[in-house]
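Subject: Structure handover

Hello,

Here is the structure we spoke about, with my notes below it. Please look through it before you read on.

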Amino acid sequence: LFLSLLLGFMKGRFVLAKAVNRVVARIHSLTLPIRFSQVYSRSYWILIGFMVLLGISFRLLSIPIDLRGGIDVAIGSSLVNGAFLYFRAARVLGVAKP
């Protein structure tokens, strides 16, 4: 559990932080009103679709439950960390009010 949390934190802090900076800069450069489909580029939408298919395939494959749980914890903790980075960026830009 600790290893999964640590891996998720590291992924969120180093990998997702770069993606957050790119997406926030992209959103900030768009003119209002912004459509939901404009938030991410086409490559990000493809990546999101691939990740959904990968998550569905985890259910269908016979992966041991402890390994699957560790993967889920790592992914979940990285996504929570990435969400906090998004909220922090929105706050810095003055988009979200506390």
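A good place to begin is the side chain of Ser 4, which comes to 3.0 Å from the backbone oxygen of Gly 70. Please keep in mind that this is a predicted model.

Ser 4 belongs to helix α1, which covers residues 2–29. Is Ser 4 buried or exposed? Its relative accessibility is 13%, and since buried means under 20%, Ser 4 counts as buried. Setting aside residues up to four places away in sequence, Ser 4 touches Gly 70, Val 73, Ala 74 and Ser 77.

One of those partners, Ser 77, deserves its own paragraph. Ser 77 sits in helix α3, residues 65–93. With a relative accessibility of 18%, Ser 77 also counts as buried. Which residues does Ser 77 contact, apart from its neighbours within four places in sequence? They are Ser 4, Leu 5, Gly 8 and Phe 9. The contact between Ser 4 and Ser 77 therefore joins a residue of α1 to a residue of α3, and both of these serines are buried.

Now the whole chain. The protein has three helices and zero strands, and the order from the N terminus is α-α-α. Why is the protein described as more spread out than a compact globule? Its radius of gyration is 16 Å, whereas the globule rule gives 13 Å for 98 residues; the value is well over the rule, so the protein is more spread out than a compact globule. Along the principal axes, the C-alpha atoms fill a box of roughly 45 × 25 × 20 Å.

On burial and surface, 19% of the 98 residues are buried. The protein exposes about 7700 Å², and 73% of that area is supplied by carbon and sulfur atoms. As for contacts between residues at least 6 apart in sequence, 63% join residues at least 24 apart.

Last, the confidence of the prediction. The average pLDDT of the protein is 79, and 94% of the residues score at least 70. Which helix has the lowest confidence, and which the highest? The lowest is α1, with a mean of 80, and the highest is α2 (residues 42–60), at 83. Where pLDDT is low, predicted coordinates should not be read in detail.

Regards

Definitions and conventions: Residues numbered from 1 in each chain as written. Heavy atoms only, no water. Helix = DSSP H or I, 4+ residues; strand = E, 2+ residues; numbered from the N terminus. Rg over C-alpha atoms; globule rule 2.2 N^0.38 Å. Buried < 20%, exposed > 50% of the residue type's maximum accessible area, 1.4 Å probe, protein only. Contact = heavy atoms within 4.5 Å. Areas by Shrake-Rupley, 256 points an atom, 1.4 Å probe, with all protein chains shown as cover. Polar contact = N/O pair within 3.5 Å; in protein donor to acceptor, adjacent residues only side chain to side chain. pLDDT = per-residue confidence, 0-100.
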